[in-house]
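Notebook open. I want to look up a couple of helix contacts first, then the empty space inside.

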Amino acid sequence: MKWFNMNANCRFKVLGRSGRYIPILAAVVAVQQAGGDIKNVAVPAPEIGKASRNLVEGASLKTDAEADDLLARAEHFAGQGRYDLAGKLWQTVIDSSNDLMFTKDEWIEKTLEHEYQRYRSVSRDIEATIANLPGEGREGYRLKADAEAKLIMDRPRNNDGESALAEVVRRYFISSLGDDAAFDLACLKLDRYEFLPAIRLLDKIINDYPSPSVDKDLVLLRLAVLNARVGDTDRAEKIVKDLRSRATPSVSDRLLALVEVDIKKSGRPSNSVERSGKSWPMFMGGANRSGVMAFPEMLPDKDAVPVWVQPYELNLPEAWPELPSDGGKSITLNVDDPFGRGLGRGSTTSRKPSTPKEMKGSWLKHGWVPSARLLFHDGNIYFKTHNRLVCADAHSGELRWLGFRNNYPARPTPYSNRSSSEQVGRAPIDVNEIHNFADSVNQSMCVVADKVLTIQGIPVDFTEERSVAAKLPVDPMARRRIMMNRGVGGLSRMRENRLVAYHARNGKLQWMRGASEPDADIVKKSCFTGPPVPYAGLVLVPVMEGNGMYLVALEAEGGATQWRTFLGDDPSSGSAQNGTVVISVDGGEAYVATGAGLLFSVDAISGSMNWAVSYPRTTEKDPARDRQLQRFGVWGGRAMGGAKFDGWQEEMIIPSANSVIVTPTDFNHLIAFDRRSGRLVWESARGPGGNDTQGEYALGVNRGRVYVAGKGVVRCYKAAGGRLLWESVFQAGYGRGALTEKGLFVPTGKNKIVRLSLDSGKEMASIAVKAMDEQPLGNLYSDGNRLYGAGLRKVYAIGEVVPGGIEEDPVTKETSLGEISGEANELIAQTFLRITEAYQRGVSHVDFERRMADSRADFSGIVEGFKSLAKQLESIPLPSPSLRSEILTERILWNSGQQARLERAKLMFSRVPGDLDKNASRKAAVLRAIEDFKTELIPMREVYSKYGIEIP
């Protein structure tokens, strides 16, 4: 009896405590000794050397020790000829191993500087083991498998026969019904032009199924047609040649001739060509993330103005009631912190949220790209403000409906001190900067049929009901056991959020749910970590649960969970700050870019794994040197919190022809992999040839070309091979460009748009947009009618200059409670600082006379500033009692950080001996100056208190 020896063919890489990678002879299908644990499959890290000095560990895939025990027992029973018992154990592992992966040494692919590792599913190799059993072994397995498969096929289908076929293929492929189910399912996918999944199913019949009852020649004929359609004409021609060479082929010469003609004329199928239309239902256009927008018909020639503007404070139609005001306040409360602390590591290191005025200056100084995104559907435009989803008329900008208010889902963020953080080119660091210029998770939304799905924070105006229960019970064995309370040293993507579905036309709430499963035996903190993507009545969305990353399929109509697939554990080094897990779906396959060193191909219907790839992760600093410093305690408790990845600004994964192209946020290369196997096809640096102008985000793929952009540069690559075709350099702008069918539109400078040729990158035209209130253009979009912009806290449409049109931005924003509240923040911070300095001055003995003479000058300008703001406050309507209470609570939490520093200064001041005449007079002068200053503020406290703003 010949057995498939996994011990001789497979090796696992396991990360030991010492940091060394130890090869272990692991039995996934045949285990030599019962009871041996299958360890975590850690993504292999390359050697730290000259070429890879700035590479760090990525996410880890999981195996299961329970599966190890089951497989060992199955081998024992099979060795005794008890194939029926062995089959039951093998089936148990198959049913629970959708997310178990393994690798081989020969699957490592190396370039000059980098190393990539491919992984495959455990269940696929168990199927190979069963297929290689002798006849009586397969019959023993099929005693139970055939009965179970027949029950699945015979149960009432409710027009859902495809799900039954997919379940048989996934769970009982080696049963007597497996080949027929795979053939029928492949034909269904072929009818929908989902060629790659059909190829995979037909290949399973040819390569994996023992003695199929389906005619192999008919399977091969379909494989020839399908391979030609996905661009693999060499294999298609070889299959036809082999069929012709057979003595008695099952297909006629006439049919073979027709297939040969089709192969010669084949290209990408018409339905797979990237078509944009006038709908833009999700970021990058659609589930396949092509990025191609419709060319705007109403395009200004040279000069343009905003034809309408919607600020985040919103211009309401006359008939609408006034919205409850929140003052535009930022949510500085960390909702993940049970003690209600601020966003910093400590009360004394919290950074004050930036005001809109400050953010505009930082935007220009540091060259950020706004995080704002726009969707277009059925004449409407959808966007998100600081606290709600908004639907407006795309032509006029008039509001159609509003989503309910919700808190921005804040989470802990480490900040550096102000002196080092204000350097040119720094990343956004406080909560408002992150919200407007970095956080793409909160901008996640898509249009699915008649619904708009969005990820947002906790409701403000009502208490949410219990989360929706899963429609189908989640098998506890199918969910990976996550180590509880494992600390992740790097930045975590965990936050408090919800997935909410609104009706696309009227905004009626359809359903809302959290990321956790209500029937889970162990409740773990969980959240959504990327935008939802629709496919065949399902909505695929990435979820973080504990430290584990999952791909979850939800029912589009009610949000019930259909299946969950474990992807991996978030690495200890963390992930790129504010990065998302991005899903692309094309041809029935879901491709997942985790931003944590792993890429996946998953069947979009069943959730079964096709392949996984680990890629190297790069940081701006040398991690080897950092680890050496950690050993000597140089960083103390903050050692693992500062990993800054050298990668793309936005995570994106784009299927194109036979490849899937990735811009990872944690790797400084553009990479492409084979869609069928995960094999590396090509890689290219963000800055080719050592170019300082690096790519930052993908624009999209059109006609076999990949377009990427950075600060003042656009590059075009050939999708098949990665060759750089052209590069266009211009003055850097302050937003994201738009790829359309007839040209590229990119912002340059503060208020200029250039149109570039898709073929050569040459400038074809330029448009100057006036009346932007000294604010840059921001991100550009097109719905096929006109161009739109999404900047700092506003969305606008771009059109021709019309007499009497918009000449400047609305002034309502300048007199809003939010703006005054921001300026009050600055004055309060200055007040605390001045009082603290006064106490510190009372402790100092240096230059006492001069300091005392200037003591009153230390508070100059503060009182005047409070008086000026008080006059503006009097012209603004009072907030509701509940809103005033919220603002007051937020002020108290924010002031606590300032108060702690002041209390330390007062403590030092009190310890100065007061018995000496000189000390006593100095302390009295300080206290008198502080009291005089506070006395001047007394008349204004009542005015500020009405609006929930407490001044010292």
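Before the first pair, a note to self: axes here are lines fitted to C-alpha atoms, for helices over the stretch in contact, and angles run from 0 to 180 degrees between N-to-C directions. I also keep in mind that this is a predicted model.

**Entry 1: H3 and H4**

I looked up helix H3 (residues 83–96) against H4, and their axes come within 9 Å and cross at roughly 155°. Angles over 145 degrees count as roughly antiparallel, so H3 is roughly antiparallel to H4. I noted the hand of the H3 and H4 crossing too: left-handed.

Which residues make the contact? From H3 I get Trp90, Val93 and Ile94. H4 brings Ser123, Ile126, Glu127, Thr129 and Ile130. Sorted by class, the H3 and H4 contact holds five nonpolar residues, two polar and one charged.

**Entry 2: H8 and H9**

Next I checked H8 with helix H9 (residues 216–229). The axes of H8 and H9 are 10 Å apart, and the packing angle is about 150°. H8 and H9 are therefore roughly antiparallel to each other. I find a left-handed crossing for H8 and H9.

On the H8 side, the contact is made by Phe195, Ala198, Ile199, Leu202, Asp203, Ile205 and Ile206. On the H9 side I listed Lys216, Val219, Leu220, Arg222, Leu223, Leu226, Asn227 and Arg229. The class tally for H8 with H9 is 10 nonpolar, one polar and four charged residues.

**Entry 3: cavities**

Now the empty space. How many cavities of 30 Å³ or more are there? I get 13. I picked the second largest cavity for a closer look, and its volume is about 320 Å³.

This second largest cavity is lined by 22 residues, and the closest to its centre are Val169, Lys204, Asp603, Ser606 and Ser608. Which elements give two or more residues to the lining of the second largest cavity? I find helix H4 (122–131), helix H6 (161–171), helix H7 (178–191), helix H8 (195–208) and strand S27 (609–614). By class, the lining of the second largest cavity has nine charged residues, seven nonpolar and six polar.

Cross-reference for myself: H4 and H8 from the earlier entries turn up again in this lining.

Technical notes:
Residues are numbered from 1 along each chain as its sequence is written. This is a predicted model: local features need pLDDT of at least 70, side-chain atom pairs count only at pLDDT 80 or more; totals for chains, interfaces and linings use all residues. Side-chain values use heavy atoms; hydrogens and water are left out. On a 1 Å grid over the protein atoms alone, a cavity is a set of points where a 1.4 Å probe fits but cannot get out, and a pocket is an open set with protein on both sides within 12 Å along at least five of seven lines; lining residues have an atom within 4 Å of a point. Grid points are joined across faces, edges and corners, and a volume is the space filled by probe spheres set on the points. Helices (H or I, at least four residues) and strands (E, at least two) are DSSP runs, numbered from the N terminus. Ala, Val, Leu, Ile, Met, Phe, Trp, Tyr, Cys and Pro count as nonpolar, Asp, Glu, Lys and Arg as charged, and the others, Gly among them, as polar. Angles under 35 degrees count as roughly parallel, over 145 as roughly antiparallel, 65 to 115 as roughly perpendicular and the rest as oblique. A crossing is left-handed if the near helix is turned anticlockwise from the far one by less than a right angle, and right-handed if clockwise. Contact means heavy atoms within 4.5 Å.
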